[in-house]
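Please read the following note alongside the sequence and the three-dimensional view. It is arranged as numbered points, which may be checked one at a time.

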Amino acid sequence: MSIDTYTNLKTTIANYLNRSDLTSYIPDFISLAETRLNNELRVREMEVIDTTTNTVSGTQDYSLPTNFIEAIYVLYKSDPYITLKYKSNFDFFSQLNSSVSSGIPYFFTIVGSKIYLGPKPDTATNLEIAHYKKITALSDSNATNDILTNYPNLYLYAALAESAPFIHQDERLTIWSSLYKESMQRANITSENGRTASHALQMSARSVV
């Protein structure tokens, strides 16, 4: 059976567990698996570029995009564009708190659900936030997503690993966790390798006139 839908995933998990009394708990195992994947998986399918935030002169903090997990880059779209550098909370607020005069931002930090720019902008422009987003959770009304389509083994092994403590299968926890970690590492590496060409760069022949 292909693990390509929420229903098929639940059936496969039940087959692996070989238990008929866990049907009502399997959705919980999948939900816990998604929490684990959000914490540890970083693949291109989770990347998104958000351009909905517009800066306001004199305003330092802005809401992060919905389902934000982790920033990839933050671009202040002035002329020319500026790629903002991250500062730790302590360094940022020690050097670039709201009492500092407005100007062109060169730094950012994140606190809770807010992104702070430093110094605070002195003009209105667009902020481009590339980030990893949370996985769109599977459910009866959302049968699949990009992660299940491309990495079904991750969903399976993560859910099985989450099931082991619940059903007191300590000996299985090591097995499922090991398979999950191996699949996770492979997925992250494959995704990163996919950013570059698989062959050596070719030099163009120089024309002689």
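The points below take the helices, then the two sheets, and then two individual residues.

1. Status of the model. The structure is a predicted model. The remarks that follow should be read with that in mind.

2. Helix 5 and its surroundings. Helix 5 has 15 residues, and the distance from its first C-alpha to its last is 22 Å. This is close to the 21 Å expected at 1.5 Å a residue. Many of its residues are named as buried, including Leu154, Tyr155, Leu156, Ala161 and Ala164. What do the buried residues of helix 5 pack against? They pack against helix 1, helix 2, helix 4 (146–150) and helix 6. Just after helix 5, His168 takes a positive phi of about 60 degrees.

3. Helix 6. This helix covers residues 170–193 and has 24 residues. Helix 6 reaches 35 Å from its first C-alpha to its last, close to the 34 Å expected at 1.5 Å a residue. Its buried residues are Trp176, Ser177, Tyr180, Ser183, Met184, Ala187 and Ser191. The reader may compare their spacing with a general rule. An α-helix has 3.6 residues a turn, so residues three or four places apart point the same way. The cover over the buried residues of helix 6 includes helix 1 (6–17), helix 2 (26–40) and helix 5 (152–166).

4. Helix 1 against helix 5. The axes of these two helices come within 10 Å and cross at roughly 50 degrees. Helix 1 and helix 5 are therefore oblique to each other, and their crossing is right-handed. On the side of helix 1, the residues that meet helix 5 are Leu9, Thr12, Ile13, Tyr16 and Leu17. On the side of helix 5, the residues are Tyr155, Leu156, Ala159, Leu160 and Ser163.

5. Helix 1 against helix 2. At what angle do helix 1 and helix 2 pack? The angle is about 105 degrees, and the axes are 10 Å apart. This makes helix 1 roughly perpendicular to helix 2. Tyr6, Leu9, Lys10, Ile13, Ala14 and Leu17 of helix 1 meet Ile26, Pro27, Phe29 and Ile30 of helix 2. Leu9, Ile13 and Leu17 are thus named in the contacts of helix 1 with helix 2 and also in those with helix 5.

6. The antiparallel sheet. Four strands form an open sheet in the order 1-8-3-4, with antiparallel pairing. Strand 1 (47–54) and strand 4 (82–83) are the edge strands, and each pairs on one side only. Strand 1 is joined to strand 8 by six bridges in the antiparallel sense, and Thr53 has Leu127 of strand 8 as its bridge partner. Strand 3 (residues 68–76) pairs with strand 8 (residues 126–133) over seven bridges, also in the antiparallel sense. Here Glu70 stands opposite Tyr132, while the bridge partner of Leu75 is Glu128.

7. The enclosure of strand 8. Why is strand 8 described as largely enclosed by the rest of the structure? The reason is that seven of its eight residues are buried.

8. The mixed sheet. A further open sheet has four strands in the order 2-7-6-5, and its pairing is mixed. Its edge strands are strand 2 (61–63) and strand 5 (85–86), each pairing on one side only. Strand 5 and strand 6 (residues 107–111) run parallel and are joined by two bridges. In this pairing, Tyr86 has Phe108 of strand 6 as its bridge partner.

9. Ala161. This residue is found in helix 5. Is Ala161 buried or exposed? Its relative accessibility is 1%, so Ala161 counts as buried, the cut-off being under 20%. Leaving aside neighbours within four places in sequence, Ala161 is in contact with Arg36, Leu173, Trp176 and Ser177. Of these contacts, Trp176 and Ser177 are themselves listed as buried in helix 6. Ala161 and Leu64 are 97 residues apart in sequence, and their C-alpha atoms are 31 Å apart in space.

10. Thr5. This residue lies in the segment before helix 1. Thr5 has a relative accessible area of 24% and is partly exposed. Beyond its neighbours within four places in sequence, Thr5 is in contact with Ala143 and Leu148. Thr5 and Leu179 are 174 residues apart in sequence and 21 Å apart in space, C-alpha to C-alpha.

How values were computed:
Residues numbered from 1 in each chain as written. Predicted model: local features only at pLDDT ≥ 70, side-chain atom pairs only at ≥ 80, totals over all residues. Heavy atoms only, no water. Expected span 1.5 Å × (residues − 1). Buried < 20%, exposed > 50% of the residue type's maximum accessible area, 1.4 Å probe, protein only. Contact = heavy atoms within 4.5 Å. Pairing = 2+ DSSP bridges. Axes fitted to C-alpha atoms, helices over the stretch in contact; angles between N-to-C directions. Parallel < 35°, antiparallel > 145°, perpendicular 65-115°, else oblique. Left-handed = near helix turned anticlockwise from the far one by under 90°.
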